[in-house]
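Here's a walk through how the pieces of this chain fit together. Keep the structure open and follow along.

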Amino acid sequence: MAPSWNQELVRGWGMAVGGAAGVLRPTTREQVADAFADVQSRGGSIALRGSGCSYGDAAISSRGHVLDLSRMNKILAFDPIAGIARCEPGVTIRDLWRMAISFGFWPKVVPGTMAVSIGGAAAMNIHGKNNFAVGSFGECVRRFTLLLPNGSVVECSRDQNEDLFFAAISGFGMLGCFLELEIELKRVHSGRLRVGAVVCNSLTENLEAIERLQGEADYLVSWIDFHAKGAQLGRGILHRADQLEPGEDPQGVRYFDPCMQDVPTTLFGVVPKGWLWPFMWGAVKLGQVGLVNALKFAVGPREQRQSPYLQSHGAFHFLLDYVPRWQWMTKPGGLIQFQPFVPAAQAERVFRLLTETCQREGMVPYLGVLKRHRPDPFLMTHAVDGFSMAMDFAVSKRKQQREALWSMCRRMADLVLDAGGRFYYAKDAVLEQPSFERVHGAEVAQRFLALKNRCDPHCILQTDLSRRLLG
Ligand SMILES: Cc1cc2nc3c(=O)[nH]c(=O)nc-3n(C[C@H](O)[C@H](O)[C@H](O)COP(=O)(O)OP(=O)(O)OC[C@H]3O[C@@H](n4cnc5c(N)ncnc54)[C@H](O)[C@@H]3O)c2cc1C
């Protein structure tokens, strides 16, 4: 029987892009293969989708088909001695840590939300706040099974079908569908981390503090106040976190209970956090984001004085899950993120230029985050030996303002690419076709397109992102 595709509105996580598509939620690999065959027989295309956490158009296909893998979500095996998990692609980071923490393990790489799926994490080769120290998500994938659009099932690892191993991880869902992945987790001796805050009064201080600490800290992430100008431009608060050694935290094992890791659902134990986004929406609409940022910066010295303190892994990593549906504060236009990755030597100059451009054009990001990165061996890597600066913009429903934002981001992208920078497709909504070769270099871009042609000769796997970037 032919699969039955359901017409739905499918949007990027930021709600700024999306459209109607036929959606199917398979539960078995046979259903995935049937979906490929069905669409191919009708000359159509499919976008693979995990949890739909990519901000832009990476997991959507307007007027096409979307294969939503979130119901293929079984953890198939876990070795509690070695800390190795075999998972279906729809297993989320949350599913993984909830299972593993009871055994004293934690995923080596986690993003800012626990909602992402393992398949989506591998396809985008996501990074955590420890990218400078341990590398990307792909570096903890041992092997995976990939279903190619031509119907063949391929086993991939560092010594079996290596070209596909290094290209499908980072390949933004263009080469095949992950059916199973084997992931290596890390041993932790406490359910908590030692966390400290450092107030940074300028961009120079911010970048220097990260650079100074990257040899010793396990995790580093810095918040930026994009509204600060002049000598204070780029000011922010850096958070450092370190794992605890055996015996350092006598209470630590108590936090191996998954319930002790969940982010709190209420504010002050009373107000449901799900009620907070309308207040944040008010701040955006009334143009008070600058004031909110100034207040946040003002409480930084108090946190610095109270540092270091102990915090659960969940509370430290998943700050962005504290307020459910916080992206709704940018309704009705939604949000986009612009996240350039810039080599260390160029970072301060480029980030200063980008911040000044936003301030001059009156489109200042409401949130900014700095991270330190290192290169990784995956074909479509976004990492550099340098820094990234995530810039979150609220998008206006008004066509003219929306176009002005896209135009500014494209001009900023040119500055980044001229400086040898890269972009991360999970966060992109603005790059155009010529940028693809500039991000990866002509030789790598050609190698990727040749692999695409080999695995998917009828070009069944397409997303709005791939049509924008690959043509
Ligand atoms: C609040 C928030 C914070 C974030 N913080 C970070 C961060 O700190 N670091 C970071 O790196 N990223 C971060 N992200 C981005 C996120 O990690 C990536 O977008 C990730 O790819 C999302 O996973 P997903 O399961 O939602 O995949 P989706 O967004 O659904 O899909 C992502 C890509 O994976 C492909 N794909 C999905 N499943 C499969 C499969 N089974 N086989 C092959 N391809 C597949 C899709 O085609 C698409 O190209 C954040 C996102 C949010 C919303």
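## The H13 and H14 crossing

Helices H13 and H14 cross in a right-handed sense. This is a predicted model, so keep that in mind throughout. H13 covers residues 433–440 and H14 covers residues 442–455, and their axes sit 6 Å apart at an angle of about 110 degrees. Angles from 65 to 115 degrees count as roughly perpendicular, so that is the label for H13 and H14.

Which residues of H13 and H14 meet? On the H13 side you'll find Phe436, Glu437 and His440, and on the H14 side Ala442, Val444 and Ala445. Sorted by class, the contact of H13 with H14 has 4 nonpolar residues, 1 polar and 1 charged.

## H11 and its two partners

H11 is worth a stop, with H12 as one partner and H6 as another. Start with H12 (residues 399–418): the axes of H11 and H12 are 10 Å apart, and the packing angle is about 165 degrees. Anything over 145 degrees counts as roughly antiparallel, so H11 and H12 get that description. H11 passes H12 in a right-handed crossing. From H11, the contact takes in Val350, Leu353, Leu354, Thr357 and Glu361, which meet Met408, Met412, Leu415 and Val416 of H12. That contact splits into 7 nonpolar residues, 1 polar and 1 charged.

Now for H6 (residues 203–213). Its axis and that of H11 (residues 344–361) come within 10 Å, crossing at roughly 145 degrees. The crossing of H6 and H11 is right-handed. H6 brings Leu203, Thr204 and Leu207 to the contact, while H11 brings Ala347, Glu348, Phe351 and Arg352. The class tally for the contact of H6 with H11 is 4 nonpolar, 1 polar and 2 charged residues.

## A four-stranded sheet

Over to an open sheet of 4 strands. In what order do the strands of this sheet run? The order is S1-S2-S4-S3, and the pairing is mixed. S1 (6–11) and S3 (46–49) are the edge strands, each pairing on one side only. From one strand to the next, the twist averages 45 degrees.

Look at S2 (residues 18–24) and S4 (residues 65–68): they run parallel and are joined by 3 bridges. One spot to find on screen is Gly22, whose bridge partner in S4 is His65. The loop between S3 and S4 holds Arg63. Arg63 isn't a glycine, yet it has a positive phi of about 65 degrees.

## The S5–S6 hairpin

S5 (residues 75–79) and S6 (residues 84–87) form an antiparallel pair with 4 bridges. Asp79 stands opposite Ile84 of S6. The hairpin has 4 residues between the strands, and Gly83 takes a positive phi near 75 degrees there.

## Two cis prolines

Where is the cis bond to Pro308? It joins Ser307 and Pro308, with omega at about -5 degrees. Pro308 lies in the loop between H9 (300–305) and S16 (309–312).

There is also a cis peptide bond from Lys331 to Pro332, and omega is near 0 degrees for that bond. Pro332 has its place in the loop between H10 (313–317) and S17 (335–338).

## How the domains sit

Stepping back to the whole chain, the assignment gives domain 1 (6–69 + 452–470), domain 2 (71–187) and domain 3 (192–430). Taken over C-alpha atoms, the centres of domain 1 and domain 3 are 29 Å apart.

How many residues does domain 1 put in contact with domain 3? There are 11 from domain 1, in contact with 12 from domain 3. On the side of domain 1 that touches domain 3, the residues divide into 7 nonpolar, 3 polar and 1 charged.

Conventions. Residues are numbered from 1 along each chain as its sequence is written. This is a predicted model: local features need pLDDT of at least 70, side-chain atom pairs count only at pLDDT 80 or more; totals for chains, interfaces and linings use all residues. Axes are lines fitted to C-alpha atoms, for helices over the stretch in contact, and angles run from 0 to 180 degrees between N-to-C directions. Helices (H or I, at least four residues) and strands (E, at least two) are DSSP runs, numbered from the N terminus. Angles under 35 degrees count as roughly parallel, over 145 as roughly antiparallel, 65 to 115 as roughly perpendicular and the rest as oblique. A crossing is left-handed if the near helix is turned anticlockwise from the far one by less than a right angle, and right-handed if clockwise. Two residues are in contact if their C-beta atoms, placed from the backbone, lie within 7 Å. Ala, Val, Leu, Ile, Met, Phe, Trp, Tyr, Cys and Pro count as nonpolar, Asp, Glu, Lys and Arg as charged, and the others, Gly among them, as polar. Two strands pair if DSSP finds at least two bridges between them. Domain bounds come from an automatic or database domain assignment.
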